[in-house]
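Trainee: Got a minute to go through a model with me? I'd like to get a feel for the fold before I set anything up.
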Amino acid sequence: MERVSLPAASTRLPAGDASSPLGSGALAPERYLDAAATAPLRETARAAMAAVYDDLAANPSSVHQAGHRSAAVVETARRDIAHSCGVRAADVVFTSGGTEANNLAIIGLALANPRGRHLVTTPIEHPSVLESCRYLERVFGYELTLVPVDGHGRVTAADIARAVRADTTLVSVGLGNAEVGTVQPLPQIAAAAKRVGALVHTDAVQAAASLPVSMHGEEWPGAQIDAMSIASHKFGGPQGVGALLVRAGLKVEPLLHGGGQEQGRRSGTENVAGIAGFAAAVRECIATVGTRALTLMASRDELIGRVLSEIPGASLTGDPRERLPGHASFVFAGVSGESLLVALDMAGIAVSSGSACAAGHDEPSPALLAMGRAPEEAHAALRFTLAAPLAARIIERIIATLRREVTGVNPRGSEAAAASAVRQAAH
Ligand SMILES: Cc1ncc(COP(=O)(O)O)c(C=O)c1O
């Protein structure tokens, strides 16, 4: 979902430093508006990882003292993450990220709790949810019900109640949608699922970093969530590490077999430094979640207001009210999202088109199609996701770039326009 293949023009940014795998084109954080893909790394996370590497990063299963220190890092991180997310330490299963957490939740819970062979989800879920369900359908003969969403990407508890049956094993509904930012009424959805005794999983990979979440805490009384997926890099931690928060005692069939780490639920040597960085990011992120949400919402709403009033043919995607605090997503009639992405990139602003691209083939976003958008519109999506409030001049630059591209004052993709945008970006 997150990955877009950029046309060749965007690779003509200033030449990289051959000695660095990243090159030299570092982007100022204020111009990086793609936090939903990966949030900027927090200094606390970097420091926590450095501390682990400075101390050998020994294998936490090793019996010597260095191994014990690594095991202590993992267990402290587990407690911190549990505390921040309103679960118990024993509920935290570390994974390689959100994708693995979703696979483990859906495949692992369904196979270990075979009360039926029926799954319920929505058509706008992340591919790691949809494809895990389809795997169970294909290989194990499960039946999959996709509950439709409305034009804003919202699913109702009443529709979930109509979809679940006595043989429903699992209901999986994402809390905050990555593409359009819509937040689902999860406590009500979970209650509808629980009425037939189904297990409830939520992909909270996008939402957990910007909304207070809890599986069975006070934030959502009676929400009764059995499993929740989170990913470190959405909190400002490193990529390649995440967790499935799953009610301890609930059986999960492991996907990875081997040394029996994570209480047999996920084998493999733990990513000790990554886990330490993950916990540091979660701690800091959740401690400030309420105030950050308010400041992000103010910037988000200003950007949405300006785009809708100043860019011809722009319309908001996702729910206007029930949406993630830093998430602004649009479609622009008759203009490809990819071309706008490239124009903004050349102007020094990193965003996402929000459309799914598989192996370099641009396809219309299935989520937008499921919300009733026409295929042309589903090709015309653009997503701004903020990690910090927007500076006024960044908003001006966004508006100027979009206006120029959408009204066609400068031919799209022309070398002259691109070069001038790069020059502007340098100021
Ligand atoms: C809603 C959602 N779920 C799952 C994932 C996958 O997470 P990861 O990239 O850590 O595998 C993403 C990634 O962007 C996401 O947005």
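**Walking through the fold**

Mentor: Sure, and keep in mind that this is a predicted model. Let's start with helix 2, residues 65-84: its 20 residues reach 28 Å from the first C-alpha to the last, close to the 28 Å expected at 1.5 Å a residue.

Trainee: Which residues of helix 2 are buried?

Mentor: S70, V73, V74, A77, R78, I81, A82 and S84 are the buried ones in helix 2. As a reminder, an α-helix has 3.6 residues a turn, so residues three or four places apart point the same way.

Trainee: And what do the buried residues of helix 2 pack against?

Mentor: They pack against helix 1 (43-54), strand 1, strand 7 (242-246) and helix 7 (272-287).

Trainee: What follows helix 2?

Mentor: G86 follows, with a positive phi near 70°.

Trainee: OK, zooming out. How many helices and strands does the chain have?

Mentor: The chain has 13 helices and 12 strands. It runs to 427 residues, and 49% of them are buried. Of the contacts with a separation of 6 or more, 76% are between residues 24 or more positions apart.

Trainee: Now the sheets. In what order do the strands of the 7-strand one come?

Mentor: The order is 1-7-6-5-4-2-3, in an open sheet with mixed pairing. Strand 1 (92-95) and strand 3 (143-146) are at the edges with a single partner strand each, so one side of each has no neighbour in the sheet. From one strand to the next, the twist averages 20°.

Trainee: How does strand 2 pair with strand 4, parallel or antiparallel?

Mentor: Strand 2 (residues 118-121) pairs with strand 4 (residues 168-172) in the parallel sense, over 3 bridges. If you want a spot to look at, L119 has L170 of strand 4 as its bridge partner. Strand 2 is also joined to strand 3 by 4 bridges, and those two run parallel as well. There, T121 stands opposite L146 of strand 3.

Trainee: Are the faces of strand 2 covered or open?

Mentor: Both faces are covered: H118 and V120 are buried on one side, and L119 and T121 are buried on the other.

Trainee: What about the sheet with 3 strands? What's its order?

Mentor: That one is an open sheet in the order 8-9-12, with antiparallel pairing. Its edge strands are strand 8 (314-316) and strand 12, and each pairs on one side only. The twist averages 30° from one strand to the next.

Trainee: Which helix packs on that sheet?

Mentor: Helix 8 (residues 289-310) does, touching strand 8, strand 9 and strand 12, and its direction makes about 15° with that of strand 9.

Trainee: How many bridges hold the strands there?

Mentor: Strand 8 is joined to strand 9 by 3 bridges, with S315 standing opposite V331 of strand 9. Strand 9 (residues 327-332) and strand 12 pair over 5 bridges, in the antiparallel sense. In that pairing, F330 stands opposite L382 of strand 12.

Trainee: Why is strand 12 described as largely enclosed?

Mentor: Because 5 of the 5 residues of strand 12 (residues 381-385) are buried, the rest of the structure largely encloses it. A381, R383 and T385 are buried on one side, and L382 and F384 on the other, which covers both faces.

Trainee: Back to helix 8 for a sec. Is V289 buried, exposed or partly exposed, and why?

Mentor: V289 is partly exposed, because 18 other C-beta atoms lie within 10 Å, while being buried takes 20 or more. V289 touches S210 and P212, leaving out residues up to four places away in sequence. V289 and A209 are 80 residues apart in sequence, yet 7.3 Å apart C-alpha to C-alpha.

Trainee: Last topic, the ligand. How many residues surround it?

Mentor: It has 15 residues around it, and the closest are G97, G98, T99, H126 and A178. By class, that shell has 4 nonpolar, 9 polar and 2 charged residues.

Trainee: Which helix gives the most to the shell?

Mentor: Helix 3 (residues 98-112) does, with 3 residues. Helix 3 is largely enclosed by the rest of the structure, because 13 of its 15 residues are buried. Its end C-alpha atoms are 20 Å apart, which agrees with the 21 Å that 15 residues should span at 1.5 Å a residue.

Technical notes:
Residues numbered from 1 in each chain as written. Predicted model: local features only at pLDDT ≥ 70, side-chain atom pairs only at ≥ 80, totals over all residues. Near = placed C-beta within 6 Å. Nonpolar A, V, L, I, M, F, W, Y, C, P; charged D, E, K, R; others polar. Buried ≥ 20, exposed ≤ 12 C-beta atoms within 10 Å, placed from the backbone. Pairing = 2+ DSSP bridges. Axes fitted to C-alpha atoms, helices over the stretch in contact; angles between N-to-C directions. Contact = placed C-beta atoms within 7 Å. Expected span 1.5 Å × (residues − 1).
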